[in-house]
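Open the model in your viewer and keep the selection panel at hand. The tour has two stops, cavities and a sheet.

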Amino acid sequence: MKPRVFVLGLGGTSIDLLKPWAESGWLPNLDYLFRRGTSGSLVSALPPTPISEWAAILTGKNPGHTGLFDHIRKIPGSYFPQRLRPSSSGTEGVWSLVNRFCLSTALVNVPFASPENPAGTWAVGPHRVEMNDRNSSSMFVKALARLGLLPHEPVDAVSEKTDVPPGKTLQFLEKVTRDTILEGQILGGILETGTVDLVVVNFNGPDRLLPRFCEEISALAPGEQKTPIEEALLLFFKVLDDAVGKLIGDMRPMDLAIVLSGHSFGPFRKLLSLNHFLESMGLLRFRRGKGGESHFSRFASPILRTVGVRRDPIKRVMGSLGVDRWLERIAPPFSSEIGLFDWSRTRAFSISRAGIHLNIRGLEPSGQVNPGPEARALGDEIIQALLELRDPHTGCPVIRNVCWRDQLYDGPRLADLPHLLVTDCDPGYTIAEFEQVRDRNGIFSETGDR
């Protein structure tokens, strides 16, 4: 029999959190792996987001080679953001190597990683499963049927919403727990086929819970009386441990199991808006109450993006007709994203989370900053201002490190990345999505906790 490789992602957790619980008997399956294997801390990819982490894990390349920095990317020469897809990397990854050596693979919930010419793609609940071996795919379907889970229509992305409706905290916890049970069942169905050489499963429950419940999770201790929320959180981690246990029960002596987390969380206290920060410096202007604020523009662009309408082919056609610049001038009022910005008075802006673009003249449709020394000086000014940024309520600095992209990375996709990258931020702050400027009025705002 060939040795098999299993990779389980537990995003958002840390060894400091899990190991004491495992040793205390709370998480017996993870304890088994700790005792039988080797464990330690890892240096995360930068920025520490699931997209950049999984791209690095599955390609061995940094964002300068993959272009995968965040779930949204600004295309050079256009202000329209592009939501990334599995084909966005263009970099050979694990799936290419296993296909070359005729190995079968199964990927579950893995962001932006798709086997070449997969034989089957299913959505079981919100969970995407991709397999590149037709025989394994057929056996997987039969295993799901025996579990009472039938494959649905193929989907393009995995839902990772973390919003908790007011007064619905316990229901949210129950849903995440049910999703994790389903992920464990999916893993069991894949293992039942007995034919898959590489299995990669991303359990995204920790990523959905830890930002909001970090304090409650950190306070959990054996033997103490617990609140309903703490009981629900403890149940989630036991369910997660049970899912890992499905793997342990199927492993053979020659198999290799890798359990990893690319980042960990502290409790988020506030949102930090990079665009409002740039506005405070006089480097960005919003189109208040215009264009992007209309009801049409607020909903049209996300709908078009969701159904898969791609702007790149449209732009190429318009470019061949010589009217692409005209398209850029008239399009902003109809976009829920770029319509928020007044490009004629904007010198720097943020579209990718934790990244800042300079509006370079000659490269962007309404560029305002000369390339070369002027752009470099402006970037250095922004870096210094970010490092000096303090929360007005605490007086403490928020940003710990900001780098130019070429100081961190090299590679053929370097130009796809923001010019400036926030690589270290106080863990009590999360950087707001750029669409959130519509509902925020300042640099700092409350996170809207449950």
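A cavity here is a set of grid points where a 1.4 Å probe fits but cannot get out. The model is a predicted one. By the cavity rule, with a threshold of 30 Å³ or more, the count comes to three cavities.

**Stop 1: the largest cavity**

Select Gly-11, Glu-53, Trp-54, Asn-202 and Gly-262. Of the 13 residues that line the largest cavity, these are the closest to its centre. The volume of this cavity is about 80 Å³.

Next, colour strand S1 (5-10) and helix H3 (50-59), each of which supplies at least two residues of the lining. Which element gives the most to the lining of the largest cavity? H3 does, with four residues. Colouring the lining by residue class gives five nonpolar, six polar and two charged residues.

**Stop 2: the open sheet**

Now select strands S10, S11, S13 and S12. In that order, these four strands form an open sheet with antiparallel pairing. Strand S10 (348-349) and strand S12 (399-404) are the edge strands, each pairing on one side only.

Move inward to strand S11 (residues 355-358) and strand S13 (residues 420-425), which run antiparallel and are joined by two bridges. To find the register, show Gly-355, which stands opposite Leu-421 in S13.

Finally, add helix H14 (residues 373-388). Helix H14 packs on the sheet and touches S10, S11, S12 and S13. Looking along S12, compare the two directions: that of H14 makes about 165 degrees with that of S12.

Technical notes
Residues numbered from 1 in each chain as written. Predicted model: local features only at pLDDT ≥ 70, side-chain atom pairs only at ≥ 80, totals over all residues. Heavy atoms only, no water. Pairing = 2+ DSSP bridges. Contact = heavy atoms within 4.5 Å. Axes fitted to C-alpha atoms, helices over the stretch in contact; angles between N-to-C directions. 1 Å grid on protein atoms, 1.4 Å probe; cavity = no way out; pocket = protein on both sides within 12 Å on 5 of 7 lines; lining within 4 Å. Points joined across faces, edges and corners; volume = space filled by probe spheres on them. Nonpolar A, V, L, I, M, F, W, Y, C, P; charged D, E, K, R; others polar.
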